[in-house]
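This report is meant for a reader who is meeting the structure for the first time. It begins with one residue and then widens to the chains and the aromatic side chains.

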Amino acid sequence: MIHSLFIINSSGDVFLEKHWRSVVSRSVCDYYLEAQRANPNDVPPVIATPHHYLISIQRGGVSLVAVCMQEVPPLFVIEFLHRVVDTFQDYFSDCTESVIKENYVVVYELLDEMLDNGFPLATESNILKELIKPPNILRTIANTVTGKSNVSDSLPTGQLSNIPWRRTGVKYTNNEAYFDVVEEVDAIIDKAGVTVFAEIQGYIDCCIKLSGMPDLTLSFMNPRLFDDVSFHPCVRFRRWEAERVLSFIPPDGNFRLMSYHISSQSVVAIPIYVRHNLSIKTGEQGRLDVTVGPKQTLGRAVEGVKIEILMPKCILNCCLTSNQGKYNYDPVSKILHWDIGRIDVTKLPNIRGSVSIATGANTSEINPSINVHFTINQLAISSLKVNRLDMYGEKYKPFKGVKYITKAGRFQIRM
Amino acid sequence: MTDSKYFTTTKKGEIFELKSELNNDKKEKKKEAVKKVIASMTVGKDVSALFPDVVNCMQTDNLELKKLVYLYLMNYAKSQPDMAIMAVNTFVKDCEDPNPLIRALAVRTMGCIRVDKITEYLCEPLRKCLKDEDPYVRKTAAVCVAKLYDISSSLVEDQGFLDQLKDLLSDSNPMVVANAVAALSEINESSPTGQPLVEFNTNTINKLLTALNECTEWGQVFILDSLANYSPKDEREAQSICERITPRLAHANAAVVLSAVKVLMKLMEILSGDSDFCATLSKKLAPPLVTLLSSEPEVQYVALRNINLIVQKRPDILKHEMKVFFVKYNDPIYVKLEKLDIMIRLASQANIAQVLSELKEYATEVDVDFVRKAVRAIGRCAIKVEPSAERCVSTLLDLIQTKVNYVVQEAIVVIKDIFRKYPNKYESIISTLCENLDTLDEPEARASMVWIIGEYAERIDNADELLDSFLEGFADENAQVQLQLLTAVVKLFLKRPAHTQALVQHVLSLATQDSDNPDLRDRGFIYWRLLSTDPAAAKEVVLADKPLISEETDLLEPTLLDELICHISSLASVYHKPPTAFVEGRSAGIRKSLPARQGSAEESGTAQPEATVIPNQESLIGDLLSMDIGSSIPTPAVSAQPTSNIDLLGGGLDSLLGGGSGTDLSAGSVPTTTGLLGDIFGITTTSTMYTPPKACWLPAEKGKGLEIWGAFSRRNGQISMDLTFTNKAMQAMTGFAIQFNKNSFGLAPSAPLNIGALQPSQSLETGLTLNTNGPVQRMEPLTTLQVAVKNNVDIFYYACQIPIQILFIEDGQLDKRVFLTTWKDIPAANEVQYTLNEVKGTADTLANKMTHNNIFTIAKRNVEGQDMLYQSLKLTNNIWVLLELKLQPGVTHATLSLKSRSVEVAAPIFQAYDTILKLV
């Protein structure tokens, strides 16, 4: 299992190490740093060294490198590292070098609580928060005055119950349950505008602030849409299998209830189109003309539209005019950013102009692609609809709300 | 107020200052000081000098301070063992504390202190904690046993902690069960003998399955991994485990999903492949695998490496999911390369158009490695999906037109492979290739181009000029290119001897006199001698037909694949190597293998557990004919394993060199006594077992003049292959040898072929006695046998069908009662029915005829005017087959019902019945 953990900053310094078994010299990180130097953005997640295996993830400019010595499921380690980052973000609202450095002791206490002998011990945020209180200014002052610490001295209540994700005795004056149905469209669209591949990756994120031990049931109008689902452990799988309803005792606060995948059964609607034309002749000025418009949006406005064009290497600069939004071209990374915002259907956003080409460059191998970002509020592109939410086990009447959002995931257009 | 303040130092020296603060009377000061110490430790500073001062702070009611001291102890106790003893008393006391949190903390920390003296004191508290009333303490103690085992395995065994740990498997709390499983599997893993110390049985498995639903996600991974090591006793149990595990596929944690996939893939081996249950299970596996590909890139990478294995084992699962493997331009390179690999594996006639248009798109991307692999992929598609070859070639030509240097080079390398697969089909493009001659600067591309020129020398008008231009810089070329040049020039000379004599002499002298590369020199000498002594023989050797290449070359060796399937989700699955090959200290570990299906146990039981070590034949021939097949086909990550899908005559190629060297001749010409005896028995035997007439197995036009007719027979319990060799060529043939490929029943020759020299237009008969002790590998159809026959001319391959009746053994008679119970035991799903036509004779004559063929009639009944014959037979690999033959008097067709644990044998047996019954 996980032997040690090293956290490395962007300049390659190890600034935190934690060992759960014997101490492993930090020189083992050299293998990781070597791989990082060779390929800064694409470090392979699993690296074999003569005596150890390094499994790593990169987040917020820091790399978490777990050291293992035996056969171990890599996904297990990767998922655990993700959980470490989530916990840091939960505690310190960020996971960067400076934040970790500011909270060394809490970080160390957390890591010790999360893993024992390489086996995960407590990774549920509500259990950890009972064991080690998150730092905040008020508590720090109070602790200095009263001499108390942020480490709890009694066993967390949820730890061993059948519902480790929820603590007992939760109390709210306003009881509310909000559900965000977020759908991301992943697509590849080819030169001719034909969809090569499209799928929807959906999530239901919840913010639940309910007192006591509420037992919730969420049902859908059209649950047959799902190709694949994965649930938070709180969801009772049997009931889903039998009745296609989500029945669960929710964790307290924010969490992802479910994620789902829609691709094969239904045709995925593509809410946006990009008409593009890039003509290049050697030794000349080329011309670029791009228009964006809404496609299948069921009448909703497409907002937050951003376009990134990865230009061919031979293009030195762009001189463009747009009728909406701002653009900039980075000649080093060859990326043209165009921030459009909301699409006005009566006047479609357009950008056009000339591009200057490096003299003598080989222009035959041009293969630009467009990355598109957009958001559509109040629409789930798969037409998924929540039917109703019922609560059992508690007497009060909660506020309920469902919000639908469609976003671009990895939405690419080949030019 | 942040923790960074702990790093401020004064001039006096950090350690000194900390020391004085640690000894401060005020609690608060002490705590702050310990925090400073911890902070320094975190960044890797050595603060071990403060050991006594920190340990002094241990006796405290303040939990945070206690925890911090414990953290310190874990790190430094090893370097100060004598001082660490000071802490023991506090630990022992804390293990009795009323607060479970403190009890657990104490036992946990004690286990982390890897000092021998302390472990002695640990035993008693640990024993108590394993039986603690609080599950939190028990769960922590379970892990502590694993820690202790790591420090001193004998102590754990002597103190009986293993049994206590086993008891925890039945604990009421799922968290405790999960941790006990985790500890046990770690102990099993590190056991010195490689044998698991604790085996699971049906009872414990049931407990684990119950705990699975309720424990944490990490516990689920531990439990699933343990389940994967358990082999259910029958299909029913396997099915029920599958049913209880399938819900895990919908877990949010990717590790849980992949571990569940592992267990299911393994259990599917036990389930009969054609059942509905198996089909639905396959369907359920696809969506979660696809979903893993929408997660973070690192998860995707691990998932893809595993999918690569799954696709090779069960291609059906993901055959409709091609599109999810399409590459996005901003995928990390390691994800791109893996996706590409899987795309080729999934490529089929149905989706080839899509795949090709994608590959063409990728071939114009920016990343060089990826582009190269994409071009190679197009070549592999051409070889794999035959109808698409034409499109692939035209796509490659388009790519060559782009004139992008590395694309052109890569395309030439793959076009060479396409030429090898489809000889004499796409030669029209050679001229286009020749145009790009000057741009090639990589050895592999140059070598491929030279090979193409040599191979098609007769069609390229200026082949001699082209090769001559290469020769100018011969000394500077890479060894690979030099070897190719040598062979190409010799080929050219053999094809067009008129004007190329000077050229061939030049290259031979370059190779033999100016080169210090032994390979090159040796090959030069061989060619030289061949050409000077016997140009005809040289032609036979150098211009011989090359074995075809197939798309299978990049597949993992089946036994390795099966082993890796057992390791899905682990590091082994990422490296595609068995753990024994890379995990330290695991050399003694047992290798996992997929469970065998019942009934076919013998069949797979005798399969070779190790990868065959015979060198890949292709690479041997390839080297001789300088085709470098081995290197031209990408074999990612498996290059260490011989691909060995053809290991016929693997080692016996030496004779090819000398055109029948002396040793081989003498071995072949001395007839072995066993073979003769077999022959004599064969003629004088009185058995009336049916022997099919000889069939032509190798026609003369394929055998370069050698014609082989053959048949199988069984006489006196001895299987033999009767062969007639006829030489229809103009020259004598010598140096005969025969070898079988792995086959379903392990047939192998028990003696060498006793044919010496075969004069032109001479015909020789021989009987080859066979045994069933050879390597086993399932063939499709089951009774296929691939044979290689070698002589001084070449190696010839042919396949024939084994009539299954020769495999019925003499003691195939079952007792009546045994027959009855076995018939009932075999599930109805294993029953196959068949209608026999043109049945003549009464039940008795039929039964008699059957007995001669080792099909034994157990009982005969007459039910409502129908005659029922109950028969049994046994195959050489101990598969029992039970049959029920229903005859209606006066009707020429009869119904045959067959029951066996492995119903695969049904079809050939029905065929055997047909042939036997047709005999008069």
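Which residues does B:Q409 touch, not counting residues up to four places away in sequence? In this predicted model, B:Q409 touches B:T439, B:L440, B:D441, B:E442 and B:A445 once those sequence neighbours are set aside. The residue itself is placed in helix α22 of chain B, which runs over residues 405-421. B:Q409 counts as buried, because its relative accessibility of 1% falls under the 20% cut-off.

A second residue of chain B can be described in a similar way. B:V177 lies in helix α11, which covers residues 174-190 of chain B, and this residue is buried, with a relative accessible area of 2%. Leaving aside neighbours within four places in sequence, B:V177 is in contact with B:L168, B:L169, B:D171, B:L208 and B:A211. One of these partners, B:L208, is 31 residues away from B:V177 along the chain, and the C-alpha atoms of the two are separated by 7.4 Å.

The table sets out values for each of the two chains.

| Chain | Length | Secondary structure | Buried residues | Accessible surface |
|---|---|---|---|---|
| Chain A | 415 residues | seven helices and 23 strands | 57% | about 17,300 Å² |
| Chain B | 920 residues | 40 helices and 13 strands | 58% | about 37,000 Å² |

Carbon and sulfur atoms supply 50% of the area that chain A exposes, and for chain B 51% of the accessible surface belongs to carbon and sulfur atoms. Contacts between residues well separated in sequence can be counted for each chain as well. In chain A, 68% of the contacts between residues at least 6 apart in sequence join residues at least 24 apart, and in chain B residues 24 or more positions apart account for 68% of the contacts with a separation of 6 or more.

For chain A there are also values for extent and charge. The C-alpha trace of chain A spans about 75 × 55 × 45 Å along its principal axes. Chain A carries 43 positive and 43 negative side chains, and the centres of these two sets lie 7 Å apart.

The aromatic side chains offer another view, with 26 aromatic pairs counted over all chains. In one of the pairs, the ring centres of A:Y53 and B:Y575 are 6.1 Å apart and the ring planes stand at 50°, so the pair is tilted. This pair crosses between chains, since A:Y53 belongs to strand β4 (residues 53-59) of chain A and B:Y575 belongs to helix α31 (residues 571-575) of chain B. Are these two residues buried or exposed? A:Y53 is buried, with a relative accessible area of 5%, and B:Y575 is buried as well, with a relative accessible area of 18%.

Within chain A, one aromatic cluster is formed by A:F220, A:F226, A:F231, A:F237, A:W240 and A:Y260. Rings in chain A also meet charged side chains: the charged end of A:K18 sits over the ring of A:Y108, at 4.9 Å from the ring centre, and the charged end of A:K385 sits over the ring of A:Y404, at 5.1 Å from the ring centre.

Methods
Residues numbered from 1 in each chain as written. Chains lettered and ligands numbered in written order. Predicted model: local features only at pLDDT ≥ 70, side-chain atom pairs only at ≥ 80, totals over all residues. Heavy atoms only, no water. Helix = DSSP H or I, 4+ residues; strand = E, 2+ residues; numbered from the N terminus. Buried < 20%, exposed > 50% of the residue type's maximum accessible area, 1.4 Å probe, protein only. Contact = heavy atoms within 4.5 Å. Areas by Shrake-Rupley, 256 points an atom, 1.4 Å probe, with all protein chains shown as cover. Lys, Arg positive; Asp, Glu negative; His and termini not counted. Charge placed at Lys NZ, Arg CZ, Asp CG, Glu CD. Phe/Tyr/Trp six-rings, centres within 6.5 Å; stacked < 30°, edge-to-face > 60°. Lys NZ or Arg CZ within 6 Å of the ring centre and 35° of its normal.
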